[in-house]
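Subject: Structure for you to look at

Hello,

Here is the structure I said I would pass on. Please open it and have a look before you read my notes underneath.

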Amino acid sequence: MKFQLYNYYHPNNIIKLIRSFCIQFILLITIGCNSEQNRETMAMPPDEPESFPKLTERNRLLGDLLPERTCYDVKHYMINMDIDVDKKYIKGFVDISASAEENFTSLQFDLARKMKLNGVYYLDQNLKTARKKDAVFVEFPDVKKGDNFTFRIEYEGRPLEAKRPPWDGGFVWEKDKKGRPYVSVACEGDGAGLWWPLKDHIADEPDDGATMTFTVPEELFCVSNGRLLDISSDIKNKKKSYTWSVNNPINNYNISVQLGHYVSVLDTINRNGQTDTLNHYVLDYHEEVARNHFKQAKKVIHFFEKYFGDYQWWDDGYKLVEVSYLGMEHQSAVTYGNNWDNWRGTRSWTSKYYGIVDGLLFHETAHEWWGNSITAIDPAHMWIHEGMAVYSEAMFIEDQLGYNVMVDFLLDKRKGIRNKLPIVGPRNQNYWAFGDSYIKGAWIMHTLRHVIDDDQIWFNILKSFAVDNAKGHVSTEDFLNYVINHTGYNYQIIFYQYFYTHKPPTLEYYQDGTQFFYLWDAVSGFNMPIDINVNGVERRIVPTKDVQEIEISEFSVIRVRDWEFLMILKNNPDLIKKDAS
Ligand SMILES: [Zn+2]
């Protein structure tokens, strides 16, 4: 989802930014143009990382895979709900089809406490339930391992309203420019259980997809994921029912509904010698701008198929759906609200794509590969969605505008790295490790590329990882093993430093006469190679914890290539003493 940089541009932060800029400017004119590198870099990490949020019972129930959840594997969701727009109220049922992975007599599903549970039915029995926070435990008659079974959950209520979508999830009850209802929902991180009952863990996607039937006021058009199967009218009650269906596994938070005065905008894409259709939905008064602006989606899809393999959901289609919030990666129904402008999107920073693409359209489409097809096994590894989406942006810029522009893009982004927490968070706690996963995640990929120093191997790693794990779940360790297998080099300590501690490594260096001293201040055993320029000639060094030195000619101009490697630079005259000791 979601570019997370929002807070960075919060008005208070802008004041802070202006203040810090003024201070830097004064410092600059006071001390002159010091050649010290890395001035424009990320925030310096504190000595100790900040704490991860405290584990609550709700986190454990939602985030862990306890026996009441591992005892069944969801095959299909059939969602059927009536949406009362005036009352902001929903009522309906969900049929969960699953296979029993173990013999069991009790299972857990998830539904927000705010919603009223009307009953759980299995084989014509109304089953006994007990609630704990947002989890519901159901007593089943004995179900045997290997059984396929379907049970129905009836419920209703006024779902949570999103305060700041897509960052804070919930229903978005908006009006369009003509004052007509314009409704959507976003729930990544908050959980789909805020509006429908399910097994709400990222690791269990319904293998056979989902069917969604929404009954809505007749004047509104309803858009959901996948293909539209049916529209039926209830003239007496002035309602219409829309049935949409996806045939593929889908992340729970990707299932969505949008209501509005939508029209469809058809487009076609030629790929691998065949023609596929794109079927976007936008508000009626945006039909013409969408027809033109959304043409770029084809270029974006071609890019992703070239670098990361086929789009996985052609049978469910690809579409962009206009919404009132910024956007979300809802699978096969990517939502869009970025102002129809490649340079000046809704958020100012989405202009940092040099006009070649709508950054929001690109980012959310990136998740069709990184997130929706290749999914993190636990939200603690969210960088696999977000870091790879941002790194894909850099790759697209390089593909279109060349290497140096890509570096410029990443250097600008680098200022947003906070370094307060490790990127990979605690597992099994429903901890959605957003934070630095976006930019630092991308910067780690950029760093690895230069450590490996062989573009053919590097881009082959990324593509084969994406292709081999399409429609699958992966962890940070899976990616590490992939890199090790493709390079024959053990990157474990490098991964540990970057993903599991809050600090990037610090390169301490000092130039003295004909000597250049250097060492890593990093985790034990860290020996990542980096490149430096000595009088304009690139040279690889392999710093370790111990001070090393190279011979140089006097007054050599040395540049540590920190535009290729994520690190903190520290000029340290004490290295001479350390070397002597
Ligand atoms: Zn994202």
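Below is what was found, going from the whole chain down to one sheet.

Please keep in mind that this is a predicted model.

The whole chain

The chain contains 13 helices and 29 strands. Its radius of gyration is 26 Å, and the globule rule gives 25 Å for 581 residues; the two values are close, so the chain is as compact as a globular protein of that length. Along the principal axes, the C-alpha atoms fill a box of roughly 90 × 55 × 50 Å.

Of the 581 residues in the chain, 41% are buried. I also looked at contacts between residues at least 6 apart in sequence: 68% of these join residues at least 24 apart.

One sheet

In which order do the strands of the open sheet run? The order is S3-S7-S6, which makes 3 strands, and the pairing is antiparallel. Strand S3 covers residues 104-110 and strand S6 covers 129-132; these are the edge strands, and each of them pairs on one side only. From one strand to the next, the twist averages 30°.

You can follow one pairing in more detail. Strand S7 spans residues 135-143, and S3 pairs with S7 in the antiparallel sense over 6 bridges. To find this pairing in the viewer, start from phenylalanine 109, which stands opposite valine 136 in S7.

That is everything I have for now.

Regards

Conventions. Residues are numbered from 1 along each chain as its sequence is written. This is a predicted model: local features need pLDDT of at least 70, side-chain atom pairs count only at pLDDT 80 or more; totals for chains, interfaces and linings use all residues. Helices (H or I, at least four residues) and strands (E, at least two) are DSSP runs, numbered from the N terminus. The radius of gyration is taken over C-alpha atoms; the globule rule is 2.2 Å times the number of residues to the power 0.38. A residue is buried if 20 or more other C-beta atoms lie within 10 Å of its own, exposed if 12 or fewer, and partly exposed in between; C-beta atoms are placed from the backbone. Two residues are in contact if their C-beta atoms, placed from the backbone, lie within 7 Å. Two strands pair if DSSP finds at least two bridges between them. Axes are lines fitted to C-alpha atoms, for helices over the stretch in contact, and angles run from 0 to 180 degrees between N-to-C directions.
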